[in-house]
Structure formats: C-alpha cells, structure tokens
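Reader: I am new to this structure and should be grateful for a close look at one part of it. Please choose a single site, describe it carefully, and then relate it to the rest of the chain.

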Amino acid sequence: MGVQDVKLDSDYITILWDDGHEGIYPSRYLRGYCCCAACVEEMTGRRIVGENDVDEYVMALDWIQIGRYALQFLWSDAHDSGIYPFEVLRNLCRCDDCYSQ
Ligand SMILES: [Zn+2]
Ligand SMILES: [Zn+2]
C-alpha cells in the first residue's frame with residue numbers, strides 16, 4: 001500500500017492511494033486522531049486531545065511521507081508530531097464507499 005498524492009484543502013484532506021482509492025478525511029477529524037505522545041497518553045493509551053479539543057477551523061498546511069508506511073502532517077495549530085500509518089489512515093477513511101456502512 002502506498003500514497004500517490006495528497007491534497008490539502010481547508011475542510012478536507014484527500015489522499016490518493018496507489019490502488020486508485022481516493023480517501024477523504026475532514027481536517028479536524030483527522031487532527032483529532034493524532035496519536036503522538038501529546039495527544040494520547042503513552043502508558044494508558046488514553047486520548048488526551050481529540051477532535052473536540054482542537055481548533056474548529058484547524059487544517060493541514062503541509063505533509064511529508066515517512067518511509068514507506070506513514071504520513072506526517074503539519075497542522076495549522078502548529079502541531080506536527082503525529083505520524084499516521086497507512087493502515088490507520090485506510091481505517092479512518094470517510095469517503096462515501098468506506099463510510100456508508
Ligand atoms: Zn498529537
Ligand atoms: Zn475510502
């Protein structure tokens with residue numbers, strides 16, 4: 001599994017996967033799933049910062065690919081420590097196909 005391209009809009013992030021799937025992620029929703037140590041307590045796995053804790057208008061400003069397995073985003077609230085493995089991103093997809101069930 002790999003990523004061909006990522007588009008950053010104010011409301012949505014679009015990820016084009018190399019199997020042709022176009023993944024749609026509302027910006028605030030994806031920011032709320034950040035799994036860095038500041039957002040999720042390492043010892044307990046308890047979420048400290050979720051979607052409702054971040055700015056309503058948060059958006060991704062930039063992204064980079066980490067190796068062959070993950071994406072990292074720079075968010076407009078200056079948060080950039082979260083790494084999103086491809087597997088996690090596929091499970092979080094909110095496109096009509098993935099989210100209609
Ligand atoms: Zn985080
Ligand atoms: Zn999808």
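The first zinc site and its surroundings

Author: Cys36 is buried, its relative accessible area being 8%. Here, buried stands for under 20% relative accessible area, exposed for over 50%, and partly exposed for what lies in between, with a 1.4 Å probe and protein chains only. The model is a predicted one, in which local features need pLDDT of at least 70 and side-chain atom pairs count only at pLDDT 80 or more, while totals for chains, interfaces and linings use all residues. Residues are numbered from 1 along each chain as its sequence is written, chains are lettered from A and ligands numbered from 1 in the order in which they are written, and side-chain values use heavy atoms, with hydrogens and water left out.

Cys36 belongs to the site of the zinc ion (ligand 1), whose protein donors are Cys34 (SG), Cys36 (SG), Cys39 (SG) and His79 (NE2), at 2.1 to 2.3 Å from the ion. Donors are N, O and S atoms within 2.8 Å of the metal, or 3.2 Å for Na, K and Ca; water is not among the atoms, so sites may look incomplete. Along the chain, the donors of this ion are spaced as C-x1-C-x2-C-x39-H. The angles among the four donor atoms run from 98 to 115°, and the site is tetrahedral; four donors earn that word if all angles lie between 85 and 135 degrees. For comparison, the ideal angle for four tetrahedral donors is 109.5 degrees.

Two further donors may be considered one by one. Cys39 counts as buried, at 1% relative accessibility. His79 is buried as well, at 13%, and is found in the loop between β5 and β6. The helices and strands named here are DSSP runs numbered from the N terminus: helices are H or I of at least four residues, strands are E of at least two. Leaving aside residues up to four places away in sequence, His79 touches Arg31, Cys34, Cys36, Ala38, Cys39, Phe73 and Leu74, where a contact means heavy atoms within 4.5 Å. The list thus includes the donors Cys34, Cys36 and Cys39.

Ala78 shares the loop between β5 and β6. Ala78 is exposed, with a relative accessible area of 62%, and has a positive phi of about 70° although it is not a glycine.

The strands on either side of this loop are part of an open sheet of three strands, in the order β4-β5-β6 with antiparallel pairing. The edge strands are β4 and β6 (83-85), each of which pairs on one side only. From one strand to the next, the twist averages 30°; the angles are taken between axes fitted to C-alpha atoms, in N-to-C directions, and run from 0 to 180 degrees. Strand β5 (residues 70-75) and β6 are joined over three bridges in the antiparallel sense, two strands being paired if DSSP finds at least two bridges between them. Within this pairing, Gln72 has Ile83 of β6 as its bridge partner.

Val49 touches another side of the site's surroundings. Located in the loop between α1 (27-31) and β4 (60-66), Val49 is buried at 19% relative accessible area. Beyond residues up to four places away in sequence, Val49 touches Arg31, Gly32, Ala38, Cys39 and Val54, and Cys39 is among the donors of the ion.

There is also a zinc ion (ligand 2), coordinated at 2.1 to 2.3 Å by His21 (NE2), Cys93 (SG), Cys95 (SG) and Cys98 (SG). Its donor atoms subtend angles of 103 to 121°, which makes this arrangement tetrahedral. The donor spacing here reads H-x71-C-x1-C-x2-C. Distant parts of the chain are linked by His21, in the loop between β2 (12-17) and β3 (22-26), and Cys95, in the loop between α2 (86-92) and α3 (96-99), 74 residues apart. His21 is buried at 17%, and Cys95 at 7%.

Finally, the whole protein has three helices and six strands, arranged from the N terminus as β-β-β-α-β-β-β-α-α. Its radius of gyration is 13 Å, close to the 13 Å that the globule rule gives for 101 residues, so the protein is as compact as a globular protein of that length. That radius is taken over C-alpha atoms, and the rule is 2.2 Å times the number of residues to the power 0.38. Buried residues make up 38% of the 101 residues.

Conventions. Four donors count as tetrahedral if all angles lie between 85 and 135 degrees; four count as square planar and six as octahedral if opposite donors are over 155 degrees apart and all others between 65 and 115; anything else is irregular.
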